[in-house]
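Grab a pencil and work through these exercises with the structure open beside you. Each task is followed by a solution that goes step by step.

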Amino acid sequence: MGLTVAQKLIKSHLVSGEMTVGSEVGLRIDQTLTQDATGTMAYLEFEAMGVERVRTELSVAYIDHNTLQTGFENADDHRFIQSVAKKRGIRFSRPGNGICHQVHLERFGKPGKTLIGSDSHTPTGGGIGMLAMGAGGLDVAVAMGGGTYYITMPKIVNVHLTGELQPYVAAKDVILEVLRIMTVKGGVGKIIEYTGEGVKTLSVPERATITNMGAELGATTSVFPSDEITKAFLKAQGREEDWSELKADDDAVYDETIEINLSELEPMAAMPHMPDRVKKVKEIGEIKVDQVCIGSCTNSSLMDMLKVAAILRGKTVAPNVSLSIAPGSKQVLNMLALNGALSDMISAGARILESACGPCIGMGQSPNSAGISLRTFNRNFLGRSGTADAGIYLVSPEVAAASALTGVLTDPRTLGEPLHIMMPDSFIVNDNMVEMPASPEEAKDVEVLYGPNIKPFPTTTKMPENIVAKAILKVGDDITTDHIMPAGAKILPYRSNIPHLSQFCFAVCDKEFPERCKAEGKGIIIGGANYGQGSSREHAALVPLYLGIKAVITKSFARIHCANLINAGILPLNFANADDYDRIDQGDELALNGIKSAIVNGETAYLENLTKGEKYELKYDLSTRQKDIILDGGLLNYTKEAIK
């Protein structure tokens, strides 16, 4: 039996375990990346491990999230990350160099390599044939120290592409169609692999858009083969030597297959407030638009920007629309400036933002009250834009640009003549904003610089025999990490200050939650299905840890968040009978008696509802290694013990 692309990548990096679906496998990691919203904590964790230099082939620290400097906090974090990078052997991508995933694709990603990043959209690298996965910051820190990264061996889903995209239909519409078919829960425990003749019609930037937003499926990652299209992209980046061919065997067997004819796709939009609420643009109709934001790691490539500029050329943005555009990297912005496309955007009335995540992470550009905002981003979770009652639609750059001109949601096929945008034969290559680390000898004299806002990693303790605490919070299905630990310009500067962040935990769901936790001193969270979907931010586990959360019991978890809970020493449990979720009320006194012994001995765990006099069977899916992490009180404690 032949192997798929994903299976080949896993097999070539397998350190432990067997490639049996559902079992734990350990992988050797070639590359890591961090960004500044999660990076400060990741490097605090790396420093706490006591490892002198990173042991990966390549590690890069990017500054792209917390770039609004309205106080000293973000600048201090950047200085801290820069000093750690210089001392520990990490390349440092300075503010202004661009969004981590866009820059990594351009300058560092290599087919056939493994990459984990402290950002859930790290699967962007799958667009050039990498096994690229989002992970918690502590997992990234361990990998930088030479440690193994563990995942549950996923199923492989074949999305078989035929045909060719029609004019004004985009790669964004491909992934929106996949989301419509699979939903935000449909990718859990799976890798999405793209095959078929249709693959050859997609450029690397288009492939990267698809793998980037595959994160919204809950998938482990997404991947394309590495072929002549990949080779041409790397050659244009001056990196042809980094190319290697990677394709599935002819007799590869997939667990599932989804057929998509690219020729039949139409412009789509994801409606508020979930990326899988997908309809055709023409079905939604000409709703009035207040704001259009173009950019993010999903749609900020040179190709995307050139299409937008061509649509805007010689025209003016509608008077009721605020249009902002953020090119994805310095390379993209520079090339737009030199070829005149930037001038076309400015002349049309676009507001040009820096090459950073910006509005996608809630850093500015919040819509007006009850406003409608079209965004080329990857997430439209409730409140993520910074305006609680705004309606956020996810669309392609073509739909966004066309709608900015008309003032209403517009099918770009009505614009007339199709666009003819070609990939350049060569990109402008200037890595002057990537700072190389000091040599091991020079690094001895480099001081790591801490600011007053940078607080230590929360302390953890070994797991007790019994856990008795109230159901401090009960929430429903599809709770995102934005619900648990919101982003935005007011909160993100405190990502290195867990005590300060704690006052915002679950504020979207229950503003009284932090104070209730502090009054009780401990608690158990009850959740529905797909708990913790969305970003890789480990703060969604670390802040509950700080607030005394001992266990989270749900119908099901999202992959990265479940791993982050284990890393933090918080016990993730599932109801054996999903209906038992309905039998628990917030405030009920709960007990996990004998839970430590149950986990040590692999026995069935039970939750006692002391308030109602009931008992519920629980499930837990923990490998031997994960059990040891939980028993030690988290991955940091476990790693310290392991490297002694």
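**Exercise 1.** In which loop is N530 found?

*Solution.* Start with the ground rules: this is a predicted model, where local features need pLDDT of at least 70 and side-chain atom pairs count only at pLDDT 80 or more, while totals for chains, interfaces and linings use all residues. Residues are numbered from 1 along each chain as its sequence is written, and side-chain values use heavy atoms, with hydrogens and water left out.

Now go to N530: this residue is found in the loop between β22 (523–526) and α18 (539–546). The element names come from DSSP runs, numbered from the N terminus: helices are H or I runs of at least four residues, and strands are E runs of at least two.

Next, look at the backbone. N530 has a positive phi of about 60°, although it is not a glycine. Most residues other than glycine have a negative phi, and most peptide bonds are trans.

Last step: is N530 buried or exposed? N530 is buried, because its relative accessible area is 3% (buried means under 20% relative accessible area, exposed over 50%, partly exposed in between, with a 1.4 Å probe and protein chains only).

**Exercise 2.** Find two other backbone spots to check, at A370 and at the bond from P272 to H273.

*Solution.* Take A370 to begin with: this residue lies in the loop between β17 (351–352) and β18 (372–375). A370 isn't a glycine, yet its phi is positive, at about 60°.

Then move to H273, in the loop between β13 (268–270) and β14 (278–280). The peptide bond that runs from P272 to H273 is cis, and its omega is near 0°.

**Exercise 3.** Describe how α18 packs with helix α19 (residues 559–568).

*Solution.* Two packed helices are described by the angle between their axes and the distance between the axes. Here the angle is about 40° and the axes are 8 Å apart. (Axes are lines fitted to C-alpha atoms, for helices over the stretch in contact, and angles run from 0 to 180 degrees between N-to-C directions.)

So α18 and α19 are oblique to each other. The cut-offs are these: under 35 degrees counts as roughly parallel, over 145 as roughly antiparallel, 65 to 115 as roughly perpendicular, and the rest as oblique.

Their crossing is right-handed (the near helix is turned clockwise from the far one by less than a right angle; anticlockwise would be left-handed).

Who touches whom? On the α18 side you'll find A540, A541, L542 and L545, meeting H561, N564, L565 and A568 of α19. Contact means heavy atoms within 4.5 Å.

Sort them by class and you get six nonpolar, two polar and no charged residues. (Ala, Val, Leu, Ile, Met, Phe, Trp, Tyr, Cys and Pro count as nonpolar, Asp, Glu, Lys and Arg as charged, and the others, Gly among them, as polar.)

**Exercise 4.** Do the same for helix α6 (residues 171–182) and helix α7 (residues 204–213).

*Solution.* Angle and distance come before anything else: about 30°, with the axes 8 Å apart. That makes α6 and α7 roughly parallel to each other. The crossing of α6 and α7 is right-handed.

From α6, the contact uses A171, K172, V174, I175, L176 and L179, and from α7 it uses E206, T209, I210 and M213. By class, that's seven nonpolar, one polar and two charged residues.

**Exercise 5.** How many of the residues of helix α5 (residues 137–144) are buried?

*Solution.* Eight of its eight residues are buried, so to speak a mostly covered helix. Among them are L138, D139 and V140. Step just past α5 and you meet G146, with a positive phi of about 95°.

**Exercise 6.** Which residues does K247 contact, leaving aside its neighbours within four places in sequence?

*Solution.* Find K247 in the loop between α8 (228–236) and β12 (256–261). Its contacts are V5, K8 and P225. For K8, the C-alpha to C-alpha distance to K247 is 8.8 Å, although the two are 239 residues apart in sequence.

**Exercise 7.** Zoom out: what does the whole protein add up to?

*Solution.* Count the elements: 22 helices and 27 strands. Buried residues make up 63% of the 644 residues. Along its principal axes, the C-alpha trace spans about 70 × 60 × 60 Å.
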